[in-house]
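Colleague: I'm new to this one. Could you walk me through its aromatic rings and explain the labels as we go?

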Amino acid sequence: MKLTILLLTFLTFYISSAQTNTEVFLFDLHQKNEIALSNKRNISNNEGYDNQPSFFNDNIILFSSTRNDQTDIAAYSIREAKTQWITNTPNGGEYSPTKIPNQEEVSAIRLDKDGKQLLYRYDYKTGTSKVLLEGLKVGYHTWYTKNIIVSSVIVDSTLSLIVSNLKDVSNRTFQKDIGRSLHNIPGSKLVSYISKENEKWEIKSIDPISGATKIIINTLPEAEDMCWLPNGTILMGKGNKIFKFNPKTDSEWRIFHSFEDEEIANISRIATNASGKMLVIVSEVPSS
């Protein structure tokens, strides 16, 4: 009961996602004249919660996956079409696995059964872990540099944007009431985030050093999961569609791809690799 109350109060995403059956799908992404998807594969193919994918490299995709009533970090090999497990945490679960820059390590949020929630680092081969940010209840994060982390942190029942420097052990709060999607913007020294300060949510950029922010565009209504392609195009999923927007050339969102098959009905997470040649999405499995 204590854990359920904690999750409902502070991080409703986790508890709602745990109650839905989600799958992770991988596509080839073509970007010649028009962006196109092909070669759909279900890389999780697992009953229950499979979510929060990210690319460790061009062959390995990390995601959180349920096994034996716990959530661990799975690593899927594209070449071998096989999954191995990086963690095995009986007293908790890992979420939002992300490669640490220039390291054979993974960072992830660990939520223990007693309610403790911290950002850890994990050795990719051994799974051994160490706390990265003491005292911060991190919900979501991205690496700006090898020493600077930009996070959505639970503060007073909402998510706040906090920039942490591992060298001088500092934490700077820049905004309250943000979303879960944090990304480095290609070709810049900026990070994008979802601002929920206003009725219409906004995609904003921030300079993690100076704190300067700028509005990019409103999100799709009630949508907050997105990724950046190397050419500066934003992809955002809603329902069974993926929309695209390039701040350099577009004035509004346009439909990039509509899924007609029954496997993909409610898209949430979306991620691409560094070269922009592959795309992974998460979708709820439609109830029969």
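What follows is a chat about ring pairs and charges over rings.

Modeller: Sure, and keep in mind that this is a predicted model. A search of the whole structure turns up five aromatic pairs.

Colleague: Why is the pair of Phe27 and Phe259 called tilted?

Modeller: The ring centres are 5.5 Å apart, and the planes meet at 45°. Pairing needs centres within 6.5 Å, and an angle that is neither under 30 degrees nor over 60 counts as tilted. So Phe27 and Phe259 make a tilted pair.

Colleague: Where in the chain do Phe27 and Phe259 sit?

Modeller: Phe27 is in strand E1, while Phe259 is in the loop between strands E22 and E23. They're 232 residues apart, so this pair links distant parts of the chain.

Colleague: What makes Phe27 count as buried or exposed?

Modeller: Buried means under 20% relative accessible area. Phe27 comes in at 4%, so it counts as buried. Phe259 is also at 4%, so that one is buried as well.

Colleague: How do you know whether Phe56 and Tyr124 are stacked or edge-to-face?

Modeller: Their planes are 25° apart, with 4.6 Å centre to centre. Stacked takes planes under 30 degrees apart, and Phe56 and Tyr124 are indeed stacked. Both are buried, and they sit in two loops, 68 residues apart.

Colleague: What lies over the face of Tyr120?

Modeller: Arg110 does, at 3.7 Å from the ring centre. The distance cut-off is 6 Å. Likewise, the charged end of Lys196 sits over the ring of Trp201, 4.1 Å from its centre.

Conventions
Residues are numbered from 1 along each chain as its sequence is written. This is a predicted model: local features need pLDDT of at least 70, side-chain atom pairs count only at pLDDT 80 or more; totals for chains, interfaces and linings use all residues. Side-chain values use heavy atoms; hydrogens and water are left out. Rings of Phe, Tyr and Trp (its six-membered ring) pair if their centres lie within 6.5 Å; planes under 30 degrees apart count as stacked, over 60 as edge-to-face and the rest as tilted. Helices (H or I, at least four residues) and strands (E, at least two) are DSSP runs, numbered from the N terminus. Buried means under 20% relative accessible area, exposed over 50%, partly exposed in between (1.4 Å probe, protein chains only). A charge sits over a ring if NZ of Lys or CZ of Arg is within 6 Å of the ring centre and within 35 degrees of the ring normal.
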